[in-house]
Amino acid sequence: MPTKLGQNFLKDNSVIGKIIAAANLRPNDFVIEIGPGKGILTEKLAEKAGKVSAIEIDRNLVEFLRNKFKDKKNIEIINADILKINLPELLGNQMSQYKIVANIPYYITSPIIRLFLEQKLQPEKMILMIQKEVAERIVAKPGEMSILAVAVQHYADSKILFDVPKTAFEPAPKVDSAVIEITPQKIFDKEKDARFFRIVRAGFSGKRKTLLNNFSASFHLDKKEAEEKLKTAGINPTVRAQELSLEDWKNLTKIFSNSEK
Ligand code: SAM
């Protein structure tokens, strides 16, 4: 029953040590942890960072954690759904820079990553335990791109740091895991980014269809016109969205933005 909330607790101290090392914490760092569970990672984070705010949805765990850390002044346990939290308020009271370090609930991996990349104040970096297959999709290259890959790569540099076996968790999850480092490089720009992602979504709209078909359908252009625009952007009209690089999407945004209805 608990796995409904993605409750697979880490039990392998060597994995925790590697996550802490990757976070490269300084004494005045502010860390946000999503889903502290029973606090195994929280405790180690708080030994190195200035402050840890841990956001946990499960009330029973919150009670357990508040009791466990009642003497730790630099740990704050917040009972909330990470996707509903008022992030500017949480960050507003803190130091300006922050890091996310967490073994997150896998069922909301994309919304969590998106939430933090689409902030005026993005994290300095995110060290996240996620499903291995999703980590591989995030760092994909042209040929295997997806909306998720374009979205994360648009804002950040990402690399998979190491794989984590199922045996590192209790209970063991059904899927393999990996720890990924996501370092934002580009600040969030509401209007420009919305335009960019409208183009990306149009490109990926029909799964196995060519860009030509997807763009002409999405923007109600006749084929000839759509073909011209793709060629102007330097793109072969018969390719599929997964073949394109980030640079290609930027060029397409310049050319197709005027066609939006
Ligand atoms: N960090 C702990 C560890 O490594 O042992 C637990 C990790 S477990 C994979 C994910 C945690 O996220 C669980 O404690 C779960 O209750 C919590 N969680 C699930 N959905 C959440 C949400 N929407 N907001 C905040 N926490 C959530």
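This dialogue reads the domain interface and several salt bridges in a predicted model.

User: Which domains does the assignment give for this chain?

Analyst: The assignment gives domain 1 (9-184) and domain 2 (190-260). Their centres, taken over C-alpha atoms, are separated by 33 Å. Domain 1 brings 11 residues to the contact and domain 2 brings 12 residues.

User: How is the area buried between domain 1 and domain 2 to be read, and what share of it comes from carbon and sulfur atoms?

Analyst: Buried area is the accessible area that two parts lose on being put together, summed over both. Here about 1,000 Å² is buried between domain 1 and domain 2, with carbon and sulfur atoms giving 71%. On the domain 1 side, Ile147, Val150 and His154 supply 48% of the area buried against domain 2, more than any other three residues.

User: How many salt bridges and how many polar contact pairs cross the interface of domain 1 and domain 2?

Analyst: The rule finds zero salt bridges across that interface, and five residue pairs in polar contact. By class, the side of domain 1 that touches domain 2 has six nonpolar, four polar and one charged residues.

User: Is His154 buried or exposed?

Analyst: His154 counts as buried because its relative accessible area is 8%, and the cut-off for buried is under 20%. His154 belongs to helix α7 (residues 147-155). The side chain of His154 makes a polar contact with the side chain of Asp193 at 3.1 Å. Apart from neighbours within four places in sequence, His154 is in contact with Lys186, Asp193, Phe196, Phe197 and Leu246.

User: What is the general idea behind a salt bridge?

Analyst: Side chains of opposite charge can pair when their charged atoms come close. In this model the count comes to 14 salt bridges. One of them joins Arg26 and Glu124, at 3.0 Å from N to O. Arg26 lies in the loop between α1 (13-23) and β2 (30-34), and Glu124 in the loop between α5 and β6, 98 residues apart. Arg26 is partly exposed at 36% relative accessibility, and Glu124 is partly exposed at 25%.

User: Where in the chain do Glu247 and Lys250 sit, and what separates them?

Analyst: Both are in helix α11 (residues 246-256); because they are three residues apart there, about one helical turn separates them. Their side chains meet in a salt bridge of 3.8 Å, N to O. Glu247 is partly exposed at 47% relative accessibility, as is Lys250 at 34%.

User: Which residues are joined into one network by salt bridges that share partners?

Analyst: Arg26, Asp29, Lys99 and Glu124 form that network.

Note on methods: Residues numbered from 1 in each chain as written. Predicted model: local features only at pLDDT ≥ 70, side-chain atom pairs only at ≥ 80, totals over all residues. Heavy atoms only, no water. Domains from an automatic or database assignment. Contact = heavy atoms within 4.5 Å. Buried area = accessible area lost by both parts, 1.4 Å probe. Salt bridge = Lys/Arg side-chain N within 4 Å of Asp/Glu carboxyl O. Polar contact = N/O pair within 3.5 Å; in protein donor to acceptor, adjacent residues only side chain to side chain. Nonpolar A, V, L, I, M, F, W, Y, C, P; charged D, E, K, R; others polar. Helix = DSSP H or I, 4+ residues; strand = E, 2+ residues; numbered from the N terminus. Buried < 20%, exposed > 50% of the residue type's maximum accessible area, 1.4 Å probe, protein only.
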